[in-house]
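Visitor: I should like to learn how to read the features of a structural model, one at a time. May we begin with enclosed space and then proceed to the contacts between chains?

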Amino acid sequence: MAKATRVSFGEELAELGATHPNLVVFDADLSKSTQSQLFAAKYPERFFEMGIQEHNMIGAAAGMALSGKTPFICSFSTFVVGRFEVIRMSVGYTSARVTIVGTHCGVAIGEDGYSQMALEDIALMRTLPNMAIIQPADDRETRAAVRFLADYDQPAFLRLTRQGVEDVHDDSYRFAFGKADLLREGNDAVIFATGGVVRNSLTAAELLAQKGLNIRVVNIHTIAPLDIDTVVQAAKETGRVITVEDHSVIGGLGGAVAEVLGEHHPTRMKRIGMHTYGRSGTPGDLYRHYGLDAEGIRKQVEEFLHKG
Amino acid sequence: MDISLPALQRAANEMRTDIIRMLHAAGSGHPGGSLSLIDLLTVVMFRHVKRTAENADDPDRNRFVLSKGHGVPALYAVLARAGVIPHEELLSLRQVDSRLQGHPHNGSVPAVEASTGSLGQGLSIAQGMAMSARLDGKEYRVYCVIGDGETQEGQIWEALLSAAKFRLDNLIVILDYNKGQIDGPTNEIMNLEPLADKIRSFNWEVQEIDGHDMQAIDAALEQARQRGGRPHFIIAHTVKGKGVSFMEHPTEWHGKAPDGEQAAAALKELEALLT
C-alpha cells in the first residue's frame, strides 16, 4: 500500500518517545502535515509548538541539543532548509545533534505549487561538512532511518515525501547508514535513485528489461556521507550512470554522483530531475510533465543509452 | 577571587587592557563593542553565572550565551581571568593555530556555549537551553547578551515572542545598548525606540540601567532572579569604546584594531584608572 514517508516518520517517532526520554520534537505550525502531531498527542510535554518561526525553532532546538536533548524539528523542507544560514551556524558549526525533518519535498507535493516545493534543499545541506542527509524510499526504510537518527549524535537532515510511495523493501530489509542499497542487478547501466522516485526507477528498469536492457538500480538513501565505493564500482561495472531524484539536478544526488565520478572514474552520465522551478498540478500529472514517472524515466534512459 | 563590586570594577578595567592588547596583536577585531560589554560581562560571569574551569561542563551550571559574537574578546578576557583558558593565550586571538576564533565557536574553547557571530541567533539558542532546564526541572539560569544593532534582526523578535509564551523566567537577556553599529548610530540606521515599551508589551519583565554602574548591573541581575513566569530583559545603556576616551564614539571603533601608537595611548589611559 502506498504510504507517505512523512506518515511512517510520524508513527515511528511517536513509538520512540517511550524508549528515548531525551527525545524532544518541535514544529512550526505544520504538525498535522509533518505528522509530528502523533508524537505531540502522546508526549505533549516534550512537544514544542513554535508557531511560524522557523529561524527560532532551529536555534531553540540547537540550545536543547547543547543541553543534552535529542531534538527533531519538523516543517516543510523548503521552509526549514530555506533558513539555511541559521542551520549553518546554530546547528552545523555548533555541532548540535538536531535532526531537521523536511517533509513535502519535490514537485510531488502537487497543486500547492512551487512556493511549497523543496527542490534545492539537498544541494544546500550537502555543503555542510558534518550534515548527514537521509532520504528514505518507503515505509520500512523511513522507520529504520528514524530509529537510527534517534541515536545519532550529529546534525542530520531527513527528507520526506508528502505523497504515498509503494514499498521497495520487504521485512528482510536492514537499513545501513551510509551504505547504498542494491535493489536490482544489471550491467548495461546503473540508475542511482533516491526518495519518492525509487519505485518509479525500478519500474522503468523493468520496462527496459522487456527491451533486453539490464539496468542496475541502486537506492541512495544516504546522500551524505555518500557511499563512494559503491558508486564508483557500479560506474566501472556498467559504464553508464543515470541519477533520478525529485530535486534540482544541480547539487543534489546527480551533483553528488557527478562530483565523485569526476574525481574517481569519469563516466558518461544522465541526471534526471528538475531543471526549472516547479508548478501546480496533480502529483501524477507533474511527474509525467517533468519526466519523473516510470515511463518518463524509461524514455530518458533509453535515449541516453542509444546515444552510445 | 574577590568578587566584590569594587574588585570587579578594577578587574573589568584590567580586562580592558587585555582587550586592547589582544586586538592590537590580532590586527583586527571589534574594540567598541568589547569595551561597552566588559562591565556587564564581568558582573554576569563572576557574580551570577559563576563560571569556573571546574564547572564549565557541569550539566547543572548556569549558561551564558554571547549572542553579539563580535564582542568575544571581552568573553575571552573573562574566561582567562576565570582560569578557563591561560591568560597568555589571549594574544593568539584570530591566529591560524589559535583556539581563539574571531567570533565564538563552541567547539574550540571550553565555556563558549554556542557558536555565534551571525547576529540574531544566540538568543534562540539560549531560549532552547532555558526550555531544557524547565523540562528537566533544573534550577540553572541562562544569561544571554545581545547587541542593539542585533536587535534589528527578525529572529530576535521571534525569540522575544516565544520565550514569553513558554514563560521562561529562567532566561535573562541583557542588551548592550551602546547606540552604535557599523554604518552609523543605531537610532538612525534602524531605530529601536521606544524599546522598553516594546519589550514589556511582549510580556517580559524589563529593567533599564546604566551598563557601566557595577552596583546597578548587580542589582538588576539580582532582581532578575525572580521566578514570576516572565522572562527578564535588562536594557543596559552603555558607551561604545568605554574607558578609552578616543574610542568612545558610536561607530568609528566598531571594527578597527588599534595600531601601536593607539594601543599605547589606550593602555596609558586604562592604566591610569588602575593606579
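**Reading the cavity, the interface and the backbone**

Guide: Let us start with the lining of the largest cavity, bearing in mind that this is a predicted model. Phe64(B), Val65(B), Leu66(B), Leu75(B), Pro104(B), Ala111(B), Val112(B), Glu113(B) and Ala114(B) line that cavity.

Visitor: How is such empty space found, and what volume does the largest cavity have?

Guide: Rolling a probe the size of a water molecule over the atoms shows where empty space is left. In this structure there is one cavity of 30 Å³ or more, and the volume of the largest cavity is about 50 Å³.

Visitor: Which element gives the largest share of the lining, and how do the lining residues divide by class?

Guide: Strand S1 of chain B, residues 63-66, provides the largest share, with three residues. By class, eight of the lining residues are nonpolar, none is polar and one is charged.

Visitor: I turn now to the interface. How much area do chain A and chain B bury between them?

Guide: The size of an interface is often given as the accessible area lost when the parts come together. For chain A and chain B the buried area is about 2,000 Å², with 53% of it on carbon and sulfur atoms. In terms of residues, 25 of chain A are in contact with 29 of chain B.

Visitor: How many salt bridges and how many residue pairs in polar contact are counted between the two chains?

Guide: The rule finds one salt bridge across this interface. Lys69(A) and Asp136(B) form a salt bridge through their side chains, at 2.4 Å from N to O. Between the chains, 15 residue pairs are in polar contact, both residues being at pLDDT 80 or more.

Visitor: Which elements of chain A give two or more residues to the side that touches chain B?

Guide: They are strand S2 (23-27), strand S3 (47-49), helix H4 (54-66) and helix H6 (84-93) of chain A. H4(A) gives the largest share, nine residues. By class, this side of chain A has 11 nonpolar, eight polar and six charged residues.

Visitor: What is the count of salt bridges over all chains, and which parts of chain A does the pair Glu12(A) and Arg147(A) link?

Guide: Over all chains the count comes to 36 salt bridges. The side chains of Glu12(A) and Arg147(A) meet in a salt bridge, with 3.2 Å from N to O. This pair links distant parts of the chain, 135 residues apart: Glu12(A) lies in helix H1 (residues 5-19) and Arg147(A) in helix H8 (residues 139-150) of chain A.

Visitor: To conclude with the backbone, where is the residue Pro225(A) found, and where is Pro194(B)?

Guide: Each proline should be read together with its peptide bond. The bond from Ala224(A) to Pro225(A) is cis, with omega near -5°, and Pro225(A) sits in the loop between strand S12 (222-224) and helix H10 (228-238) of chain A. In chain B, Glu193(B) and Pro194(B) are joined by a cis peptide bond with omega about -5°; Pro194(B) belongs to the loop between helix H6 (186-189) and helix H7 (195-201) of chain B.

Visitor: What is phi of Asp29(A)?

Guide: Phi of Asp29(A) is near 65°, a positive value in a residue other than glycine. Asp29(A) is located in the loop between S2 and helix H2 (31-34) of chain A.

Definitions and conventions
Residues are numbered from 1 along each chain as its sequence is written. Chains are lettered from A and ligands numbered from 1 in the order in which they are written. This is a predicted model: local features need pLDDT of at least 70, side-chain atom pairs count only at pLDDT 80 or more; totals for chains, interfaces and linings use all residues. Side-chain values use heavy atoms; hydrogens and water are left out. On a 1 Å grid over the protein atoms alone, a cavity is a set of points where a 1.4 Å probe fits but cannot get out, and a pocket is an open set with protein on both sides within 12 Å along at least five of seven lines; lining residues have an atom within 4 Å of a point. Grid points are joined across faces, edges and corners, and a volume is the space filled by probe spheres set on the points. Helices (H or I, at least four residues) and strands (E, at least two) are DSSP runs, numbered from the N terminus. Ala, Val, Leu, Ile, Met, Phe, Trp, Tyr, Cys and Pro count as nonpolar, Asp, Glu, Lys and Arg as charged, and the others, Gly among them, as polar. Contact means heavy atoms within 4.5 Å. Buried area is the accessible area (1.4 Å probe) that two parts lose on being put together, summed over both. A salt bridge is a side-chain nitrogen of Lys or Arg within 4 Å of a carboxyl oxygen of Asp or Glu. A polar contact is a pair of N or O atoms within 3.5 Å; within protein, one must be able to donate a hydrogen and the other to accept it, and residues adjacent in sequence count only if both atoms are side-chain atoms.
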